[in-house]
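Visitor: Could you take me on a close look at the pockets of this protein? I would like to hear what lines them and which parts of the chain contribute.

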Amino acid sequence: MIVSTLVHFFAPWQSLYSNSKPIATAVTATHLVALLYGGGFAVAADRATLRARADDPDSARRVLTDLEAVHRPVLIALAVMLVSGLGMATADVQTFVKSPAFVVKLSLVALLVVNGFMLTRTERALRRLADDSAARSDELGVRRALWRRLRRTAWASVLLWASTVVAGTVLVNAA
């Protein structure tokens with residue numbers, strides 16, 4: 001019942017999308033470009049995070065500054081991916097609604113958002129500690145734990161971005 005209602009509701013969009021190669025191409029290209037830039041910026045920042053020396057204050061500060069600068073473009077790219085992905089999904093509701101690959105891809109994107117939130121919280125906590133110039137010895141353990149968490153979120157990010165690409169490929173080929 002819900003699926004048939006959605007199919008009926010999105011029928012004009014489905015017709016336009018299916019009968020216009022320029023529109024279908026624009027929506028798909030927008031989705032892929034957002035994935036390229038969002039994933040590219042994120043993975044580059046993850047690489048820098050994984051290479052950073054947490055015990056070197058200048059290196060740590062540089063990485064934290066870079067991470068802060070990358071959040072906005074990655075979030076914008078995720079928003080563009082969401083809108084363009086919805087455009088593609090609503091153009092073929094019946095196929096996507098029953099596709100396990102679609103559910104997996106949406107789950108991976110949700111995990112990307114959660115991981116990004118954890119990364120942001122960790123980066124901010126590290127920044128607060130870095131801004132406190134009087135590093136006390138009891139904060140060293142906290143700092144190390146936060147850097148370990150930051151590295152874990154960086155590894156998770158790399159894995160999630162790659163998995164999202166694989167899930168998207170499976171989704172397109174299974175449709």
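**Two pockets and their linings**

Guide: Happy to, and let's start with the smaller scene: H3, H4, H6 and H7 each supply at least two residues of the lining of the second largest pocket. Please keep in mind that this is a predicted model. Among those helices, H6 gives the most to this lining, with nine residues. The lining of the second largest pocket comes to 21 residues, and the space inside is about 360 Å³. If you want to centre your view there, pick His71, Val74, Gly116, Leu119 and Thr120, which lie nearest the centre of the second largest pocket. Sorted by class, its lining holds 12 nonpolar, five polar and four charged residues.

Now let's move to the largest pocket, whose volume is about 560 Å³. Its lining is made up of 26 residues. Two or more of these residues come from each of helix H3 (21–51), helix H4 (57–90), helix H6 (100–131) and helix H7 (137–174). Here H4 is the main contributor, giving seven residues to the lining of the largest pocket. Nearest the centre of the largest pocket you will find His31, Gly85, Met88, Lys105 and Leu171. As for chemical character, 18 residues of this lining are nonpolar, six are polar and two are charged.

To put the pair together for your own work: H6 gives the most to the lining of the second largest pocket, whereas H4 gives the most to that of the largest pocket.

Methods: Residues are numbered from 1 along each chain as its sequence is written. This is a predicted model: local features need pLDDT of at least 70, side-chain atom pairs count only at pLDDT 80 or more; totals for chains, interfaces and linings use all residues. Side-chain values use heavy atoms; hydrogens and water are left out. On a 1 Å grid over the protein atoms alone, a cavity is a set of points where a 1.4 Å probe fits but cannot get out, and a pocket is an open set with protein on both sides within 12 Å along at least five of seven lines; lining residues have an atom within 4 Å of a point. Grid points are joined across faces, edges and corners, and a volume is the space filled by probe spheres set on the points. Helices (H or I, at least four residues) and strands (E, at least two) are DSSP runs, numbered from the N terminus. Ala, Val, Leu, Ile, Met, Phe, Trp, Tyr, Cys and Pro count as nonpolar, Asp, Glu, Lys and Arg as charged, and the others, Gly among them, as polar.
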